[in-house]
Amino acid sequence: MSALHSSSSVCLQRRGLSGTTLKLFALVLMLMDHIHYFFEFTGAVPLWFSQVARLSAPLFLFCTVEGFAHTHDRRRYFLRIWGIAAAMGLVQFLMMYAGALVRPDGFYPLNGIFMNFVVLIPVWQGIDWLRQKRLAPGLAAMCLPLLWPFGFAALYSAADSTPAAWLLDSVLAVLGYTVLPCWSFIIDGGGFYILIGIALYLLREHRKLQAAVFVALTLLFDFVFPYFQLSGIEGFRFSMMFTLAYEWMGAFAAVPMLLYNGQRGAGLKRLFYIFYPAHVYLLYALSWAVLALGG
């Protein structure tokens, strides 16, 4: 009887979606979104590619919360993500400020979701330290990444009053896009995304409440706020919330989150770390070729 009960428990634990399944689902949606992002200029990629793909970024955030919570080596986990974020941030900086490898129509990719995770992982670690009553390291880990943009602004302002203003400003900007990501610089995520990431981690032991808070925050940040901003513009129509400001559709990611069964799955760790930067720059190169052929 006990063996039957044990077997039944294992079956129940494995129902739903594993972490790997969630990541693969998010990966496919992300690919659809980026196909629309890079090839929108052709008019051949339908808008629904991007609308459906609003679930991707929240799911990657959810999976990173779970990955960080369960990893056996948090330092290595962080350094791997930090390395990818810093490399992609440097490319973005060179495109933005040096005009390097910018597409002839002026477009360049702003993809940098890993930068959000570089900010969030120390904050999550700080939360755990505070729970362990380790107040000094906990507060430092939580506050420093969140306050860095304000420190950056102060340093940037101070640098402007020096003879080497251009050089100092450039060094600070490189730091803000690479080794010390500044969340106020992040286009692919940013402040609201980071706040949601903190909420997801705080509530990860309470899945239903976690999903409910995620939906509430997503609708507040991505529907309510944009609605009040856009509704004051002449010619605004409610349909624009579905065709222009549709980031709120990411709230539907709560469904697969609730279906998560707590199992890691096959892992496929290298696939996810390699695929993100590889597909971004491959799609960018292909879009450049299509633009050139079309011209």
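Leu101 is exposed, with a relative accessible area of 59%, where exposed means over 50%, buried under 20% and partly exposed in between, for a 1.4 Å probe and protein chains only. This is a predicted model, in which local features need pLDDT of at least 70 and side-chain atom pairs count only at pLDDT 80 or more, while totals for chains, interfaces and linings use all residues. Residues are numbered from 1 along each chain as its sequence is written, and side-chain values use heavy atoms, with hydrogens and water left out.

**Loop residues with positive phi**

- Most residues other than glycine have a negative phi.
- Leu101, in the loop between α5 (74–98) and α6, has a phi near 55 degrees, which is a positive value; helices here are DSSP runs of H or I with at least four residues, numbered from the N terminus.
- Lys133 sits in the loop between α6 and α7 (135–159), and its phi, near 70 degrees, is positive as well.
- Lys133 counts as exposed, at 68% relative accessibility.

**Nonpolar cores**

- The largest nonpolar core, meaning a set of buried Ala, Val, Leu, Ile, Met, Phe, Trp, Tyr and Cys residues joined through side-chain atoms within 4.5 Å, has 67 residues, and those with the most contacts inside it are Leu61, Ile81, Phe114, Phe117 and Trp124.
- Helix α6 (residues 113–131) gives the most to this core, contributing 11 residues.
- Leaving out residues up to four places away in sequence, Phe117 touches Phe60, Leu61, Thr64, Ile81, Pro122 and Tyr193, a contact being heavy atoms within 4.5 Å.
- Another core, of 6 residues, lies apart from the largest one and has Met241, Ala245, Trp248 and Met249 among its members.

**Packing of α4 against α2 and α9**

- The axes of helix α2 (residues 19–39) and helix α4 (residues 56–70) come within 9 Å and cross at roughly 150 degrees; such axes are lines fitted to C-alpha atoms, for helices over the stretch in contact, and the angles run from 0 to 180 degrees between N-to-C directions.
- α2 and α4 are therefore roughly antiparallel to each other, given that angles over 145 degrees count as roughly antiparallel, under 35 as roughly parallel, 65 to 115 as roughly perpendicular and the rest as oblique.
- Residues of α2 including Leu22, Phe25 and Met30 take part in the contact with α4, where Leu59 and Phe60 are among the partners.
- By class, this contact of α2 with α4 has 10 nonpolar, 2 polar and 1 charged residues, with Ala, Val, Leu, Ile, Met, Phe, Trp, Tyr, Cys and Pro counted as nonpolar, Asp, Glu, Lys and Arg as charged, and the others, Gly among them, as polar.
- α4 also packs with helix α9 (residues 191–202), at an angle of about 45 degrees and with the axes 10 Å apart, and the two helices are therefore oblique to each other.
- The contact of α4 with α9 divides into 11 nonpolar, 1 polar and no charged residues.

**Helices α7 and α8**

- The axes of α7 and α8 come within 9 Å and cross at roughly 165 degrees, which makes α7 roughly antiparallel to α8.
- Phe152, Leu155, Tyr156 and Ala159 of α7 make this contact with Ala165, Leu168, Asp169, Leu172 and Ala173 of α8.
- Val174, in helix α8 (residues 165–177), is partly exposed at 25% relative accessibility.
- Val174 and Gly89 are 85 residues apart in sequence, while their C-alpha atoms are 8.2 Å apart in space.
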